[in-house]
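Subject: Handing over the structure

Hi,

Here is the structure I promised to pass on to you. Have a look at it first, and then read on for my notes.

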Amino acid sequence: MLNNTCKLLALLATVISVTGCNNHANTLFNKPSPAPVPAGAPMTAPPASAPAVAAAPYVLSAQSAGPYIDFSIHNLGTTDLAVQKESFAVISQENRQVTPYSKSTTIIDMPQPAVIKPNSTLSGRAIFKEVNSPIGKRLVFKPDAIGAYADINRAAAPLP
């Protein structure tokens, strides 16, 4: 046991001596030493820790006047945007329950092939049979890692 303790102390002393000197540790890892900050120099803000999240290259809007959701997707990007039924879901704002597209319980009616050219809009209608009332929930469209959502508002009354 004494031999193990001696080995542990020797290892600890080696680690302290290697990392204890800032210039030596930075040279060891090929990093330049930071320049000393003069006394009284103003502090600069640290760099942002997380990069800004890119905005989706499309905009989603949704409204409902019953069990169905009328939606529109406008392509703001410079390339065609393919729209798959599997990219849709509804999220309850109260309990965050997600109701994803399901072939057996969801109907999505939209033009086929569902490709939106740049600066164009695609409109369609969705019925999520598992959602009692879609008003006040959010429609999600996530064809990529970014995705977008729209609050499902009550549709305006049709004109007479």
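What is the mean pLDDT of the protein chain, and what share of its residues reach 70 or more? This is a predicted model, and its mean pLDDT is 77, with 64% of the residues at 70 or more. One stretch to treat separately is residues 5–31, where pLDDT stays under 50. For that stretch the model has eleven contacts beyond four places in sequence.

**Overall layout**

The protein chain has two helices and ten strands. Along the sequence the order is α-α-β-β-β-β-β-β-β-β-β-β, with the helices ahead of the strands. Of the 160 residues, 26% count as buried. If you take the contacts with a separation of 6 or more, 58% of them come from residues 24 or more positions apart.

**Strand β1 and its partners**

Strand β1 covers residues 58–64, and its side chains alternate. Tyr 58, Leu 60, Ala 62 and Ser 64 point to one face and are buried. Val 59, Ser 61 and Gln 63 point to the other face and are not buried.

Which strands pair with β1? One is β2 (residues 68–75), which runs antiparallel to β1 and is joined to it by seven bridges. Three residues lie between β1 and β2 in what is a hairpin. Within this pairing, Ser 61 has Ser 72 of β2 as its bridge partner. The other is β10 (residues 148–154), which pairs with β1 in the parallel sense over three bridges. There, Ser 64 stands opposite Arg 154 of β10.

**The aromatic residues**

The count of aromatic pairs comes to three. Phe 71 and Phe 88 have ring centres 4.9 Å apart and planes at 45°, so this pair is tilted. The two rings come from distant parts of the chain, with Phe 71 in strand β2, Phe 88 in strand β4, and their positions 17 residues apart. Phe 71 counts as buried because its relative accessibility is 2%, under the 20% cut-off. Phe 88, at 2% relative accessibility, counts as buried too.

Phe 88 also forms a tilted aromatic pair with Phe 141, at 5.2 Å centre to centre and 40° between the planes. This pair again links distant parts of the chain: Phe 88 is in β4 and Phe 141 is in β9 (residues 138–141), 53 residues apart. Phe 141 has a relative accessible area of 0% and is buried. Taken together, Tyr 58, Phe 71, Phe 88 and Phe 141 form one aromatic cluster. Tyr 58 is also one of the buried residues of β1.

As for charge and ring, the charged end of Arg 125 sits over the ring of Tyr 68, 3.8 Å from the ring centre.

**The loop between β4 and β5**

Ser 92 lies in the loop between β4 and β5, and so does Asn 95, with β4 spanning 88–91 and β5 spanning 98–100. Is Ser 92 buried or exposed? Ser 92 is buried, with a relative accessible area of 7%. Its side chain makes a polar contact of 2.9 Å with the side chain of Glu 94, and another of 3.1 Å with the side chain of Asn 95. Leaving aside neighbours within four places in sequence, Ser 92 is in contact with Gln 97 and Lys 137.

Asn 95 has a further link to the backbone: its side chain reaches the backbone nitrogen of Gln 97 at 3.0 Å. Arg 96 is in this loop as well. Phi of Arg 96 is near 60°, a positive value in a residue other than glycine. At 57% relative accessibility, Arg 96 counts as exposed.

**Other backbone details**

Asn 119 is not a glycine either, yet has a positive phi of about 60°. Asn 119 is found in the loop between β7 and β8 (121–128), and counts as exposed at 61% relative accessibility.

Where is the cis peptide bond that involves Pro 113? This bond joins Gln 112 and Pro 113, with omega about -5°. Pro 113 is found in the loop between β6 (106–109) and β7 (115–116).

Happy browsing, and best wishes!

Key. Residues are numbered from 1 along each chain as its sequence is written. This is a predicted model: local features need pLDDT of at least 70, side-chain atom pairs count only at pLDDT 80 or more; totals for chains, interfaces and linings use all residues. Side-chain values use heavy atoms; hydrogens and water are left out. Buried means under 20% relative accessible area, exposed over 50%, partly exposed in between (1.4 Å probe, protein chains only). Helices (H or I, at least four residues) and strands (E, at least two) are DSSP runs, numbered from the N terminus. Two strands pair if DSSP finds at least two bridges between them. A polar contact is a pair of N or O atoms within 3.5 Å; within protein, one must be able to donate a hydrogen and the other to accept it, and residues adjacent in sequence count only if both atoms are side-chain atoms. pLDDT is the predictor's confidence in each residue, from 0 to 100. Contact means heavy atoms within 4.5 Å. Rings of Phe, Tyr and Trp (its six-membered ring) pair if their centres lie within 6.5 Å; planes under 30 degrees apart count as stacked, over 60 as edge-to-face and the rest as tilted. A charge sits over a ring if NZ of Lys or CZ of Arg is within 6 Å of the ring centre and within 35 degrees of the ring normal.
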